[in-house]
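Reader: Please take one part of this model and look at it closely, then set out how the rest is built. Plain statements are enough.

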Amino acid sequence: MLGSPRYFYTFSSSVLPWLTPIALVTLLAGLVWGLGFAPSDYQQGNSYRIIFIHVPASSGALMGYMALGVAGLVAVVWRMKMAEVMLKAIAPFGAALAAISLVTGALWGKPTWGTYWQWDARMTSMLILLFMYVGVIALQNVIRDPRQAARAAGLLAMVGVINVIIVKYSVEWVQTLHQGSTLKLFGESTINPAMKYPLLISMLGLWLLYAVNVLMRARTEVMWRERRSKWVAKLVTRPEKGEQ
Amino acid sequence: MAFESFADFLAMGKHGFYVWSAYGISAFLIIASMVLALRGQGQVRQTLARQQRRAELDAEVNDESRT
């Protein structure tokens with residue numbers, strides 16, 4: 001019953017103390033492996049090492065937006081409270097990841113293609129993804145009533161899912177500067193295994209850290225929305241064990 | 001280790017600037033988002049605790065004036 005705010009709060013209290021260290025250790029392990037131990041690329045030398053943050057951040061931003069779209073749908077159609085909470089909790093870290101994707105992509109592009117930026121399908125649609133995230137956050141801050149804010153933000157989140165599909169397939173549909181995926185979930189990856197494993201590990205680490213961030217933000221939002229309830233009042237006077 | 005020395009590691013071929021600024025900016029954004037999430041939690045808790053204390057004080061004052 002994760003749909004109940006109170007249950008969600010207790011559940012996340014038991015998950016965060018172990019999920020947070022696991023996420024941090026996994027991410028650091030993947031990055032150290034990728035930066036210091038993976039072999040250099042025969043064409044790109046060492047600039048390719050940007051991949052170990054670029055791909056995890058980009059995939060995280062895309063997945064996060066898909067989750068935002070689902071939360072938007074549930075919030076708009078069924079008006080579920082926890083979906084409204086998630087709509088608020090998922091967006092900020094996703095926006096940070098979209099920004100990281102753009103910046104690291106530019107810094108990788110310069111030594112590889114000779115330019116920081118080009119207005120092609122992949123890059124432009126990724127920039128739009130960042131704007132969609134910022135738009136969802138802004139709508140929630142501008143509209144006072146939290147339920148009305150969730151409806152507006154939820155609609156925008158749903159519309160933006162179309163853009164996620166464009167980002168994903170832009171490298172296959174049209175000519176772009178961006179290289180195609182070498183890492184495939186189904187079928188043979190064309191990336192060297194010595195590069196694939198550190199990439200998969202840092203990807204997992206960053207996704208887990210995203211989950212930690214969402215849980216933390218959702219707890220704050222739940223606490224605020226339920227501030228008039230008895231269980232929150234009790235929590236405020238007598239903090240749970242192991243919490244500040 | 002894929003590098004001969006620590007200096008080699010920092011140089012990243014000739015691409016040290018690109019690699020390290022990519023990681024620097026990423027670390028900044030990730031850490032900032034985590035800190036903001038943590039701080040938000042503390043702020044809500046503090047605000048609610050303050051409101052609660054005020055409500056309790058008000059209740060006490062009302063009790064005293066009644067007796």
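**Chain B, its loop, and then chain A**

Author: Chain B has 2 helices and 0 strands. Its radius of gyration is 27 Å, well over the 11 Å that the globule rule gives for 67 residues, so chain B is more spread out than a compact globule. All of this describes a predicted model. The dimensions of the C-alpha trace of chain B, taken along its principal axes, are about 85 × 20 × 10 Å. Buried residues account for 33% of the 67 residues of chain B. The surface that chain B exposes is about 4700 Å², with 61% supplied by carbon and sulfur atoms. Chain B carries 7 positive and 7 negative charges, and the mean positions of the two sets are 6 Å apart.

The part of chain B to look at closely is a loop. Helix H1 of chain B covers residues 6-11 and helix H2 covers 16-66, and Met12(B) sits in the loop between them. The phi angle of Met12(B) is positive, near 50 degrees, and the residue is not a glycine. Most residues other than glycine have a negative phi. Met12(B) has a relative accessibility of 0%; the cut-off for buried is under 20%, so Met12(B) counts as buried.

Chain A has a loop residue to set beside it. Arg79(A) is placed in the loop between H2 and H3 of chain A. Its phi is positive too, at about 55 degrees, and Arg79(A) is likewise not a glycine. Where Met12(B) is buried, Arg79(A) is partly exposed, with a relative accessible area of 34%.

Now for chain A as a whole. Chain A contains 7 helices and 0 strands. For its 244 residues the globule rule gives 18 Å, and the radius of gyration of chain A is 20 Å, close to that value, so chain A is as compact as a globular protein of that length. The C-alpha atoms of chain A fit a box of roughly 60 × 35 × 30 Å along the principal axes. Of the residues in chain A, 51% are buried. Counting contacts in chain A between residues at least 6 apart in sequence, 75% join residues that are at least 24 apart. The accessible surface of chain A is about 12000 Å², and carbon and sulfur atoms hold 67% of it. The 22 positive and 10 negative charges of chain A have mean positions 8 Å apart.

Helix H4 of chain A gives a check on helix geometry. It runs over residues 121-142, and at 1.5 Å a residue its 22 residues should span 32 Å; the end C-alpha atoms are 31 Å apart, which agrees. Buried residues of H4(A) include Arg122(A), Met126(A), Leu129(A), Leu130(A), Tyr133(A) and Gln140(A). The partners against which the buried residues of H4(A) pack are helix H2 (51-77), helix H3 (81-113), helix H5 (146-173) and helix H6 (193-225) of chain A.

Three residues in other helices of chain A complete the picture. Pro146(A) belongs to helix H5, and with a relative accessible area of 40% it is partly exposed. Leaving out residues up to four places away in sequence, Pro146(A) touches Glu84(A) and Arg225(A). Between the C-alpha atoms of Pro146(A) and Tyr9(A) there are 19 Å, and the two residues are 137 residues apart along the chain.

Trp33(A) is in helix H1 of chain A, residues 5-37. Its relative accessible area is 34%, and Trp33(A) is partly exposed. With residues up to four places away in sequence left out, Trp33(A) touches Ala38(A), Ala194(A), Tyr197(A), Pro198(A) and Ile201(A). From Trp33(A) to Gly114(A) the C-alpha distance is 27 Å, across 81 residues of sequence.

Ala67(A) is a residue of helix H2 of chain A, partly exposed at a relative accessible area of 33%. Its C-alpha atom lies 17 Å from that of Phe8(A), and the pair is 59 residues apart in sequence.

How values were computed. Residues numbered from 1 in each chain as written. Chains lettered and ligands numbered in written order. Predicted model: local features only at pLDDT ≥ 70, side-chain atom pairs only at ≥ 80, totals over all residues. Heavy atoms only, no water. Helix = DSSP H or I, 4+ residues; strand = E, 2+ residues; numbered from the N terminus. Rg over C-alpha atoms; globule rule 2.2 N^0.38 Å. Buried < 20%, exposed > 50% of the residue type's maximum accessible area, 1.4 Å probe, protein only. Contact = heavy atoms within 4.5 Å. Areas by Shrake-Rupley, 256 points an atom, 1.4 Å probe, with all protein chains shown as cover. Lys, Arg positive; Asp, Glu negative; His and termini not counted. Charge placed at Lys NZ, Arg CZ, Asp CG, Glu CD. Expected span 1.5 Å × (residues − 1).
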